[in-house]
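Thanks for sharing this one with me. I have put together a few friendly notes on the pockets, to read alongside the structure.

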Amino acid sequence: MALLSGGTPWSKVIAPPIFHHSHTPRPPFFFFRRRRFSVSALSEQPPLPVRVRFAPSPTGNLHVGGARTALFNYLFARSKGGKFVLRIEDTDLERSTRESEEAMLKDLSWLGLDWDEGPGVGGDYGPYRQSERNSMYKQYAEKLHQSSYVYRCFCSNEELEKMKEDAKLKQLPPVYTGKWASATDEEVEEELAKGTPYTYRFRVPKGSLKINDLIRGKVSWNLDTLGDFVIMRSNGQPVYNFCVTVDDATMAISHVIRAEEHLPNTLRQALIYKALGFPMPYFAHVSLILAPDRSKLSKRHGATSVGQFREMGYLPEAMVNYLALLGWGDGTENEFFTLDQLVEKFTIERVNKSGAIFDSTKLRWMNGQHLRTRPSEELTKLIGEHWKTSGLLTVSAGPFIDEAVQLLKDGIDLIPDADKALANLLSYPLHSTLQSHETESVLQDNLSEFAASLLAAYDSGDLLAALEEGHAGWQKWVKGFGKSLKRKGKLLFMPLRLLLTGKLHGPDMGASVVLLYKAGTSDVVAPESGFVTLDERFKMLRQINWETLSKEQPVKETAAPV
């Protein structure tokens, strides 16, 4: 048994070396001798310098699953005092675009996941784009060819399809039959002379492969069903699994933390590591993010990219917090974490191997929690600027905005929600509320007499004088108004809210009415906002025929929510 150097988790190879490393011609029988191959993993981690990588393909937007993978790599690196490397896997020349790459870098930066090495940063292990590393791949492919771990395969596409069809008829796995694995030098030279295109195929030994995945535990494969696989295409372009192995090895990546859909790739990559004599990293395969129906999260379930959530008004700290909880927890009931707290708490051992459900409702709730923990001045500035940009207000700062944010913030989970909250405050849907089933009890409790008393208080100037004094004036007035009507509690505040705001529910009524008064006595509210002033509200009250209204059967529907 041989012991691999470098203190890797791949310690025991139960077999003599798979192939002889001589560069001299070999007799034909060499090419079809398949040795038994078995790899076992150590259970303890050696003290390696921690280097992890996130390696997206710039063929689209950064999916939340990719962002979660990047986050786990970032947290692991930071918690271990290691390096977080960003590598761009752009070998798919037809689909990869620089625009997509730039968008991904923007999304990662927005999330606060700053990389130590990679595009825009540099580092000692560059270049960090696969498209700029082709010469290295060809060098290592040639090394494998010289040592006979790979061979030239001249099979045409038609021949390969025929092999698949024959295997299907025999109910066998669609693996390469090894036609060129045992070819003589003369046969190879003949095809080269004819200019026949060829690929490089890796010779797969017989036996099995076992790894100790840091998340999924022991995983094993039987190599017999793999078949000799391509590492270099006929156009000279390297195949994904070969690129990744060479990149991870030459960048000294110690831990490969990636999505579980890459687990089958580990088999091919492990064979390439062994053939090139590279020390192997630890592997940790994170579960997929699932939709509520437990299918793989996709566009049909709504927003799935980080950019979409950013445009919808989500905060980066809320996205980071929520993504961290998709498959990880610190063992307590706590669900609220900052990025620094996540770095402090994160361990790979607490990552769950079962699929995590993406719950957009919980993400929205969590965004609201983070939004309301922002400093008051910062929150007010964010919402005030949004109100002005959306055309509801003519200014972005001032006393009205300060008070409005404090009044409405508990109902705002996303910054765009602030529009609906303010528009609702400024509106006066009295007629539709009076027709609702929920208003029936209020209407029957002498609402017409209550409205007459309220109109009298308005006409006398008492109500407006109280509102001019602010919240203290309102409290004093409403207490006296309740005493004059011998009403208090719900019997006082329900009809008062209905007549002044046009609704049965909402934020603090006193603060709301004071704000409405201030909005009507200044030019802070834009004309297009749909604002109904107090003067206009009382004009509408005067026009209501309470006798006719009380005789009509209310429509059986619920009053509009806030």
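**Notes on two pockets**

1. Let me begin with helix H4, which contributes five residues to the lining of the second largest pocket, the most of any element there. Please keep in mind that this is a predicted model.

2. Helix H4 spans 157-169, and it is joined by strand E7 (199-202) and strand E10 (229-232); each of these three supplies at least two lining residues to the second largest pocket.

3. Which residues lie nearest the centre of the second largest pocket? They are Leu160, Lys164, Tyr176, Arg201 and Val230, out of a lining of 23 residues. The volume of this pocket comes to about 530 Å³.

4. On chemistry, the lining of the second largest pocket comprises 12 nonpolar, six polar and five charged residues.

5. Now to the largest pocket, whose volume is about 1100 Å³. Its lining counts 38 residues, and those nearest the centre are Ser57, His63, Gly66, Glu261 and His262.

6. Which element gives the most to the lining of the largest pocket? That is H1, with five residues. Helix H1 covers 64-79, and at least two lining residues also come from each of strand E4 (51-54) and strand E11 (255-259).

7. Sorted by class, the largest pocket is lined by 17 polar, 12 nonpolar and nine charged residues. If you are colouring the model by residue class, the second largest pocket, with its 12 nonpolar, six polar and five charged residues, can be set beside it.

Note on methods: Residues numbered from 1 in each chain as written. Predicted model: local features only at pLDDT ≥ 70, side-chain atom pairs only at ≥ 80, totals over all residues. Heavy atoms only, no water. 1 Å grid on protein atoms, 1.4 Å probe; cavity = no way out; pocket = protein on both sides within 12 Å on 5 of 7 lines; lining within 4 Å. Points joined across faces, edges and corners; volume = space filled by probe spheres on them. Helix = DSSP H or I, 4+ residues; strand = E, 2+ residues; numbered from the N terminus. Nonpolar A, V, L, I, M, F, W, Y, C, P; charged D, E, K, R; others polar.
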